Amino acid sequence: MNIVCIVGSPHGLEGNTFRLAQAVFDGVRRQGGVVSLALLGDGAVQPCRGCDACHRLGDCPQEDGFAEIIAAIEAADGVILASPNYIGSVSAQLKAFLDRCGGAIHCLAFGGKYGVSVVTSGAGDDQPIVDYLNRFLLMTGIRPVGGVHAVMAAQSGDHFAAEVRQRAEQLGEELVLAWREGRSDPQMEREMAAFRERMRQLVVWKGDEWPYEYTYWQEHHGLA
Ligand SMILES: Cc1cc2nc3c(=O)[nH]c(=O)nc-3n(C[C@H](O)[C@H](O)[C@H](O)COP(=O)(O)O)c2cc1C
């Protein structure tokens, strides 16, 4: 299984979030998976300008690292989203990337892939951020397998507590196993079907303005 990890921390490979993600990678590798990285910390992906070109033409006019990351996701079987908790949400770097994925969301362009989310914070309340990231995965067609988070104030120095490490490694293993088995559960399938129906209605409603997305739905999702 080939997995892309999108790292939203400005601290990149030196950050807490990447170190927690590395424990997830250990689990992935134990099951034979391979991880590549997309680092957003240096402003590789600029914020969305709301021009709708992705909806109209299927392309973004901004010349930055976005297209390369999308190509890596398209070629992968799975995605790991990793972010520090910034004021109860994801980092601005990661949010810029998520916003740029509006076209991918309307088209459910990453269908068939599996993903997980990783969050670290100073003092906590990370679960809503994990839930948000997993919801984002689902909105692009990716089946979320779970998430892991760590409150740094509860760790000893730079070392994660054994149970946090274990949870992260297990999550990595689960990601590969879920993909290998083509796992799905009825509740998630219902959520995905409901979201897909919302996108279908949107794309039909906007059909004249957003020809790229309308044609994409005709070609990939059987829109009559
Ligand atoms: C701008 C900013 C906002 C932050 N907001 C929060 C917060 O709301 N809650 C919290 O517990 N930690 C907060 N933190 C702490 C980081 O989430 C924490 O240090 C995290 O582990 C950093 O990950 P990194 O080393 O990968 O960048 C914030 C840090 C920064 C720089």
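User: Is Arg196 buried or partly exposed?

Analyst: In this predicted model, Arg196 is partly exposed, since its relative accessible area comes to 36%, which lies between the 20% limit for buried and the 50% limit for exposed.

User: Which helix is Arg196 in, and what is it in contact with?

Analyst: Arg196 belongs to helix α8, which spans residues 186–205, and once neighbours within four places in sequence are set aside, Arg196 is in contact with Leu108, Trp217 and His221.

User: And how far apart are the C-alpha atoms of Arg196 and Thr140?

Analyst: Those two C-alpha atoms are separated by 9.4 Å, although Arg196 and Thr140 are 56 residues apart along the chain.

User: Switching to the ligand, how many residues surround it, and which are closest?

Analyst: The ligand is surrounded by 16 residues, of which the closest are Ser9, Thr17, Asn85, Thr120 and Ala123.

User: What lies by the ligand's oxygen atoms?

Analyst: A side-chain N or O atom of His11 is 2.7 Å from a ligand oxygen, while polar backbone atoms of Asn16 and Ala123 are found 2.8 Å and 2.7 Å, respectively, from an oxygen atom of the ligand. Of the 640 Å² of accessible area that the ligand has on its own, the protein covers 70%.

User: Which elements give two or more residues to that shell?

Analyst: Those elements are α1 and β4, the latter covering residues 114–121.

User: Last topic, which residues make the nonpolar surface patch?

Analyst: Leu13, Leu37 and Leu39 make that patch, which has an area of about 240 Å². Leu13 sits in the loop between β1 (2–7) and α1 (16–30), and Leu13 is partly exposed at a relative accessible area of 43%.

How values were computed. Residues are numbered from 1 along each chain as its sequence is written. This is a predicted model: local features need pLDDT of at least 70, side-chain atom pairs count only at pLDDT 80 or more; totals for chains, interfaces and linings use all residues. Side-chain values use heavy atoms; hydrogens and water are left out. Patches are made of residues with over 30% relative accessible area and no salt bridge: like charges are joined within 9 Å, nonpolar side chains (Val, Leu, Ile, Met, Phe, Trp, Tyr) within 5 Å. Accessible areas come from the Shrake-Rupley method with a 1.4 Å probe; for residues, only the protein chains shown count as cover. A salt bridge is a side-chain nitrogen of Lys or Arg within 4 Å of a carboxyl oxygen of Asp or Glu. Helices (H or I, at least four residues) and strands (E, at least two) are DSSP runs, numbered from the N terminus. Buried means under 20% relative accessible area, exposed over 50%, partly exposed in between (1.4 Å probe, protein chains only). Contact means heavy atoms within 4.5 Å. A residue is near a molecule or strand if one of its heavy atoms lies within 4 Å of it. A polar contact is a pair of N or O atoms within 3.5 Å; within protein, one must be able to donate a hydrogen and the other to accept it, and residues adjacent in sequence count only if both atoms are side-chain atoms.
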